[in-house]
Amino acid sequence: MALRDRVPPLLRERTFRRYWTGQTISLAGDQISLMAIPLAAVLVLGADAAAMGWLKTAELLPALLFNLPFGAWVDRRTGRRRVMIATDLGRAALVLSLPVAYALDALTLAQLYAVAFGVGALTVLFEVCNATLFVALVPTERYVQANSLVSGSRSTAWLAGPGVGGLLVQFLTAPFALVADALTYLVSAGYLARIGAVEPPPAPVGKGHFTEGLRWVFAEPSMRGLFAASGTVQFFNFMFHTLFVLYATTALGLGAGLLGLVLATGAVGGLLGAAYSGAAVRRLGIGGALVAGYLGFALPLLLVPLAGGPLPLVAGVLFLAEFLSCVGVMVLDVAAGSLQMALIPDAVRARVMGAFRTLNHGFRPLGALVGGLLGTVIGLRPTLWIATVGAVFAVLWLLPSRLPSMRDLPTREGEPTSAG
């Protein structure tokens, strides 16, 4: 078999290949930031627990504040690709301000908070535009393959990014490691500038324009089921992850190195799940793959509160749980992402994605708060049982809709017939 024949068909098409390459490089850079910015706060500025909490809040707050208004703004515009290029350039400038300030001995926690908030806001705008560009590049019948490729890039970034970020911090110091992240944004902007795509026309502005996306989510039965299931999983998953590290280290006795290996195993599982998600959709149908993804993500995590006994046995159980769960979550991401792209009309796409992301991000801090409170009141293991069992039942929201029986993606009128 020739090397070209081993390349997925979409990557043989120049336009999508440029889009995917830019996404892949940008995702890798994001993982560097996730390591380098907190390490800059701790190692350079001596941040305490409260300061780290404010830094995390600055990073997460834009998703709650801006998804809805940015979605409404983007749907009124042409040239979403140009907006994405501008957000890449803006993020590069913000990130580069940190090593510059450090070199001038002027770096402060306030600047870290501002950069984290600004990068978060521009990332929200990028992602809202990205949904529209994606459907302009990819025909419906290739949504699953395209989402599989992007999800594979995300898993690779999760797997390699923290290690690369750690090495860069080790050799360059945390602020200067961020130069690599800024470069990834510039490369992403360069690839986006070389993409040609016919984007959907802007939506007319009328009464209720701002809230139309939110109303559409609740009015469309399939999307309503997707939202309810996704929100439930987000809530219980953040309950789980708020306590997982504490539980693994204090109750189960894992050291930092072994815990890192467990999480890396999850990234490998995610890469495998992304690679085989297309096969799962072909075999089970898009609805069957969605149900399998929800169950495949949630059921293995029941092993975590079950874990006990000698350390090698505990570690083996956690390896298995993390690996299988991450396989499931990638099948879920590919199936759910493809369904959303196919279900949402172009005229309200950015507003629906903004509303969907706002509502889902709203469940995250609630889950984390409830997890922390329950962990304090009833203990870590009982709370993890509640979180894992609750996540399993999220799939029930799908059953009243047509989603479980859906074999193929619905098609759209006037869609592209090729990606390049």
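**Entry 1: H5 against H13**

I began with helix H5 (residues 109–137) and H13 in this predicted model, and I asked at what angle the two helices pack and how far apart their axes are. I found an angle of about 135°, with the axes 9 Å apart. H5 and H13 are therefore oblique to each other, since an angle counts as roughly antiparallel only when it is over 145 degrees. I also looked up the hand of this crossing, and I noted that H5 and H13 cross in a right-handed way. On the H5 side the contact is made by Glu-127, Val-128, Ala-131, Thr-132 and Val-135, while H13 brings Arg-349, Ala-350, Met-353 and Arg-357. When I sorted the residues of this contact by class, I had five nonpolar, one polar and three charged.

**Entry 2: H13 against H14**

I stayed with H13 and turned to helix H14 (residues 380–392), whose axis comes within 7 Å of the axis of H13 and crosses it at roughly 135°. H13 and H14 are therefore oblique to each other. I then listed which residues meet here: Gly-371, Leu-374, Gly-375 and Ile-378 in H13, and Leu-380, Pro-382, Thr-383 and Ile-386 in H14. The contact of H13 with H14 divides into five nonpolar residues, three polar ones and no charged ones.

**Entry 3: H9 against H12**

For my next pair I took H9 and H12, and I wanted to know how these two helices are oriented to each other. Their axes come within 12 Å and cross at roughly 150°. H9 and H12 are therefore roughly antiparallel to each other, because the cut-off for that word is an angle over 145 degrees. The crossing in which H9 passes H12 is left-handed. From H9 I wrote down Ser-222, Met-223, Leu-226 and Phe-244, which meet Leu-318, Ala-336, Leu-339, Gln-340 and Leu-343 in H12. By class, I recorded seven nonpolar residues, two polar residues and no charged residues for the contact of H9 with H12.

**Entry 4: the buried face of H8**

I then looked at helix H8 (residues 212–219) and asked which of its residues are buried. They are Gly-213, Trp-216 and Val-217. Looking down the axis of H8, I saw that the buried residues fall within an arc of 105°, so they line one face of the helix. I went on to look up what covers these buried residues, and the cover includes helix H9 (221–251), helix H12 (311–343) and helix H13 (349–378).

**Entry 5: the loop between H4 and H5**

I next went to the loop between helix H4 (80–103) and H5, where I found Leu-107, and I also placed Asp-105 in the loop between H4 and H5. I asked of each residue whether it is buried or exposed. Leu-107 is buried, with a relative accessible area of 11%, whereas Asp-105 is exposed, with a relative accessible area of 73%. Asp-105 also caught my eye for its backbone, since this residue has a positive phi of about 60° although it is not a glycine. For Leu-107 I left aside the neighbours within four places in sequence, and I then found contacts with Val-44, Leu-45, Leu-98, Ala-101, Tyr-102 and Pro-175. I also compared Leu-107 with Ala-40: the two are 67 residues apart in sequence, and their C-alpha atoms are 9.5 Å apart in space.

**Entry 6: Leu-64 in H3**

I located Leu-64 in helix H3 (residues 49–75). At 33% relative accessibility, Leu-64 counts as partly exposed. I looked up how far Leu-64 is from Leu-359, and the two are 295 residues apart in sequence but 7.9 Å apart in space, C-alpha to C-alpha. Apart from neighbours within four places in sequence, Leu-64 is in contact with Thr-358, His-361, Gly-362 and Pro-365.

**Entry 7: the whole chain**

Last, I stepped back to the chain and asked how many helices and strands it has. I counted 14 helices and zero strands. Of the 420 residues of the chain, 51% count as buried. I also looked at contacts between residues at least 6 apart in sequence, and I noted that 87% of these join residues at least 24 apart.

How values were computed
Residues are numbered from 1 along each chain as its sequence is written. This is a predicted model: local features need pLDDT of at least 70, side-chain atom pairs count only at pLDDT 80 or more; totals for chains, interfaces and linings use all residues. Side-chain values use heavy atoms; hydrogens and water are left out. Buried means under 20% relative accessible area, exposed over 50%, partly exposed in between (1.4 Å probe, protein chains only). Helices (H or I, at least four residues) and strands (E, at least two) are DSSP runs, numbered from the N terminus. The arc is that of the directions from the helix axis to the C-beta atoms. Contact means heavy atoms within 4.5 Å. Axes are lines fitted to C-alpha atoms, for helices over the stretch in contact, and angles run from 0 to 180 degrees between N-to-C directions. Angles under 35 degrees count as roughly parallel, over 145 as roughly antiparallel, 65 to 115 as roughly perpendicular and the rest as oblique. A crossing is left-handed if the near helix is turned anticlockwise from the far one by less than a right angle, and right-handed if clockwise. Ala, Val, Leu, Ile, Met, Phe, Trp, Tyr, Cys and Pro count as nonpolar, Asp, Glu, Lys and Arg as charged, and the others, Gly among them, as polar.
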